[in-house]
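Reader: Hello! Could you take me on a close look at one part of this model, and tell me how that part sits in the whole?

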Amino acid sequence: MRYVRYAFWGALGIILISVSLANRAIVDLQLMPGAVAELLGFNLSISLPLFVVVLGGIAAGLVIGFIWEWIREHKHRRAAGGQAREVRKLSREVNKLKTQKNAGKDEVLAILEDAN
């Protein structure tokens with residue numbers, strides 16, 4: 001399975017390098033359309049290779065998606081944490097009751113009795 005993973009990452013790397021080499025043309029990214037920029041009197045722009053724009057867009061989409069899912073699943077994580085606390089509390093209570101029940105008895109007999 002390790003070799004399959006290495007082959008996947010290697011193929012992905014080769015694909016990304018080939019896409020990057022094929023899209024080296026410089027493009028201008030502008031903050032606003034030309035008409036709005038003329039109205040406001042300024043327009044921020046930057047010149048980048050096309051592959052940086054494409055890969056940056058993919059990376060930004062992944063980050064936004066991960067953050068969105070993390071926020072969306074907050075209620076499930078909170079519920080799971082509450083249930084884990086309840087399980088720990090009940091486990092301590094069961095152990096305490098077993099200790100009280102088996103007080104003064106032989107340990108081996110207490111273990112055998114708890115197994116039934």
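Author: Happily; here is a walk along helix 3, starting with the chain around it.

A word on the ground rules comes before the tour. This is a predicted model, in which local features need pLDDT of at least 70 and side-chain atom pairs count only at pLDDT 80 or more, while totals for chains, interfaces and linings use all residues. Residues are numbered from 1 along each chain as its sequence is written, and side-chain values use heavy atoms, with hydrogens and water left out.

First, the setting. The protein has five helices and two strands, and along the sequence they come in the order α-β-α-β-α-α-α. Helices (H or I, at least four residues) and strands (E, at least two) are DSSP runs, numbered from the N terminus. The radius of gyration is 31 Å, whereas a compact globule of 116 residues would have one near 13 Å; this value is taken over C-alpha atoms, and the globule rule is 2.2 Å times the number of residues to the power 0.38. Along the principal axes, the C-alpha atoms fill a box of roughly 90 × 45 × 15 Å. Buried residues make up 4% of the 116 residues, where buried means under 20% relative accessible area, exposed over 50%, and partly exposed in between (1.4 Å probe, protein chains only).

Now to the helix itself. Helix 3 covers residues 50–72 and gives five residues, the largest share, to a nonpolar surface patch. That patch, of about 540 Å², is made by Leu16, Val54, Leu55, Ile58, Leu62 and Phe66. To join a patch, a residue needs over 30% relative accessible area and no salt bridge; like charges are joined within 9 Å, and nonpolar side chains (Val, Leu, Ile, Met, Phe, Trp, Tyr) within 5 Å. Areas come from the Shrake-Rupley method with a 1.4 Å probe, and for residues only the protein chains shown count as cover. Phe66 lies in helix 3 and counts as exposed because its relative accessibility is 59%.

Leu55 also has a partner in helix 1 (residues 2–22), which is the place of Ser20. Leaving aside neighbours within four places in sequence, Ser20 is in contact with Phe51 and Leu55, contact meaning heavy atoms within 4.5 Å. With a relative accessible area of 14%, Ser20 is buried.

Further along helix 3 come the charged side chains. A salt bridge here is a side-chain nitrogen of Lys or Arg within 4 Å of a carboxyl oxygen of Asp or Glu, and the count by this rule is two. One joins Arg72 to Glu69 at 2.7 Å, N to O; both residues lie in helix 3, three residues apart, about one turn of the helix. The other joins Arg72 to Glu73 at 3.8 Å, N to O. Shared partners thus link Glu69, Arg72 and Glu73 into one network. Arg72 is partly exposed at 44% relative accessibility, as are Glu69 at 31% and Glu73 at 34%.

Finally, the record. An unreviewed UniProt entry lists a "transmembrane region" at residues 46–68; there the chain is 83% helix and 17% strand, with end C-alpha atoms 28 Å apart. UniProt positions use the numbering used here, feature names are shortened, and annotations may be inferred rather than shown by experiment.
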